[in-house]
Each structure stands twice: as structure tokens, then as C-alpha cells.
Amino acid sequence: MYRIMKQCRVMLALALVCCLGSVAWAGEEAYLFHVLKKPAYRAAWEAMLKSEKNVPSWLTEWADKSTGPTSPCKSAVVNEIEYMVHSVCKAHECGDNLFIVFFAPGGKRAWGVLTTESERFFGKPDELMRYALLDARSCD
């Protein structure tokens with residue numbers, strides 16, 4: 001019974017997340033390479049990656065080289081907070097190397113999920129954020 005209630009809470013939370021919708025972000029925030037020029041967002045990105053071991057080199061180098069396709073910014077609402085959402089993938093290998101990143105307002109923190117043969121989370125997201133990150137993959 002507890003498990004069913006927990007699953008219902010998660011499903012309800014996902015319904016509140018809504019599938020990602022386009023947002024009229026300012027032009028300088030339209031793509032991840034623009035956002036990472038802002039110190040707070042860059043620091044959140046680097047802290048998220050630094051807290052992990054064995055991060056693929058294409059991902060650690062992406063902020064400096066911007067090698068790999070990225071999509072325009074979208075947003076997601078989780079627990080009544082609007083997060084800036086970006087995706088990027090490894091050049092010429094997008095199908096098996098997709099990274100979704102959520103930035104807290106003002107770039108205070110970042111969480112991500114790398115999808116290869118499996119999913120790997122970055123930035124220690126809680127359960128609700130994990131579900132939102134996974135849900136974001138279907139909207140990319």
C-alpha cells in the first residue's frame with residue numbers, strides 16, 4: 001500500500017512538472033553556450049560536474065569548446081519553482097549521449113542526467129528532480 005501511495009505521489013508530482021514548454025527567455029539565455037558565459041551558471045555547471053567521478057570528457061570540455069548540438073532553452077516547473085532547462089549531446093553521437101541540465105533561478109545550482117545505455121544523475125538530485133530530469137528527455 002505504501003509503495004502504491006508513493007508511486008501516486010510521484011505521478012502527481014510529474015503531472016505538476018508539466019512537460020517542458022518553450023519560454024521566452026532573453027536572447028542571451030537561448031542556448032547553453034550563452035548561459036555558461038554568466039559566472040553564476042558557469043559555477044553551478046562546474047560544481048555539478050566536479051562532484052562526480054568519471055565524467056565523460058566530451059561533457060567536461062563542452063563548456064569551453066561548445067562542441068556538440070544543443071537545443072534552445074525551455075523551462076520546467078518543479079515544486080512551484082521554474083527551472084531553466086537545456087540539453088546537449090556528444091557531437092556525432094547524440095543518440096547515446098544526451099545530457100539534460102536544470103538550472104535553479106539565478107544559476108544557484110544545477111542538476112543533470114546523462115543518458116547513454118542507462119541514466120546517470122549529476123548534482124545529487126532528489127527523487128522529484130530525478131523524475132523531472134527523466135521527463136525532460138521526452139520533451140527534447
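This is a conversation about the predicted model shown above.

Reader: Before I get lost in details, how many helices and strands does the protein chain have, and in which order do they run?
Author: The predicted model has five helices and six strands in its protein chain. Starting at the N terminus, the order is α-β-α-α-α-β-β-β-β-β-α.

Reader: And what share of the 140 residues counts as buried?
Author: In the protein chain, 41% of the 140 residues count as buried. The chain exposes about 7900 Å², and 56% of that area is supplied by carbon and sulfur atoms.

Reader: What about contacts between residues at least 6 apart in sequence, what percentage of those join residues at least 24 apart?
Author: For the protein chain that figure is 52%.

Reader: Let me turn to the helices, then: how do H3 and H4 cross?
Author: The axis of helix H3, which covers residues 39-50, comes within 11 Å of the axis of helix H4, residues 57-65, and the two cross at roughly 165 degrees. Angles over 145 degrees count as roughly antiparallel, and therefore H3 and H4 are described as roughly antiparallel to each other. Their crossing is left-handed.

Reader: Which residues meet there?
Author: From H3 the residues are Arg42, Trp45 and Leu49, and in H4 they meet Leu59, Thr60, Ala63 and Asp64.

Reader: Switching to the strands, is S2 mostly covered or mostly open, and how is S2 joined to S3?
Author: Strand S2, residues 74-78, is mostly covered, with four of its five residues buried. Five bridges join S2 to S3, and the two strands run antiparallel. As one example of this pairing, Val77 has Glu82 in S3 as its bridge partner.

Reader: What sits between those two strands?
Author: S2 and S3 form a hairpin with two residues between them, and Asn79 in that turn has a positive phi of about 50 degrees.

Reader: Speaking of positive phi, where else should I look for a residue that is not a glycine?
Author: One of them is His92, which is not a glycine and yet has a positive phi of about 70 degrees. His92 lies in the loop that links strand S3 (81-89) with strand S4 (98-103). Because its relative accessibility is 82%, His92 counts as exposed. Lys124 is another residue other than glycine with a positive phi, in this case near 55 degrees.

Reader: Where is Lys124, and is it buried or exposed?
Author: Lys124 is found in the loop between strand S6 (119-122) and helix H5 (127-139). With a relative accessible area of 59%, Lys124 is exposed.

Reader: And Gly123, is that one buried or exposed?
Author: Gly123 also has its place in the loop between S6 and H5, but at 9% relative accessibility Gly123 counts as buried, because the cut-off for buried is under 20%.

Reader: Which residues does Gly123 touch, leaving out those up to four places away in sequence?
Author: Gly123 touches Met48, Ser51, Glu52, Arg109, Ala110 and Trp111. Val101 is 22 residues from Gly123 in sequence, and their C-alpha atoms are 9.7 Å apart in space.

Reader: Last one, since you mention Val101: what separates Ala136 from Val101, and is Ala136 buried or exposed?
Author: Ala136, which has its place in helix H5, is 35 residues from Val101 along the chain, and their C-alpha atoms are separated by 9.2 Å. Ala136 is buried, with a relative accessible area of 2%.

Conventions:
Residues numbered from 1 in each chain as written. Predicted model: local features only at pLDDT ≥ 70, side-chain atom pairs only at ≥ 80, totals over all residues. Heavy atoms only, no water. Buried < 20%, exposed > 50% of the residue type's maximum accessible area, 1.4 Å probe, protein only. Pairing = 2+ DSSP bridges. Contact = heavy atoms within 4.5 Å. Areas by Shrake-Rupley, 256 points an atom, 1.4 Å probe, with all protein chains shown as cover. Axes fitted to C-alpha atoms, helices over the stretch in contact; angles between N-to-C directions. Parallel < 35°, antiparallel > 145°, perpendicular 65-115°, else oblique. Left-handed = near helix turned anticlockwise from the far one by under 90°.
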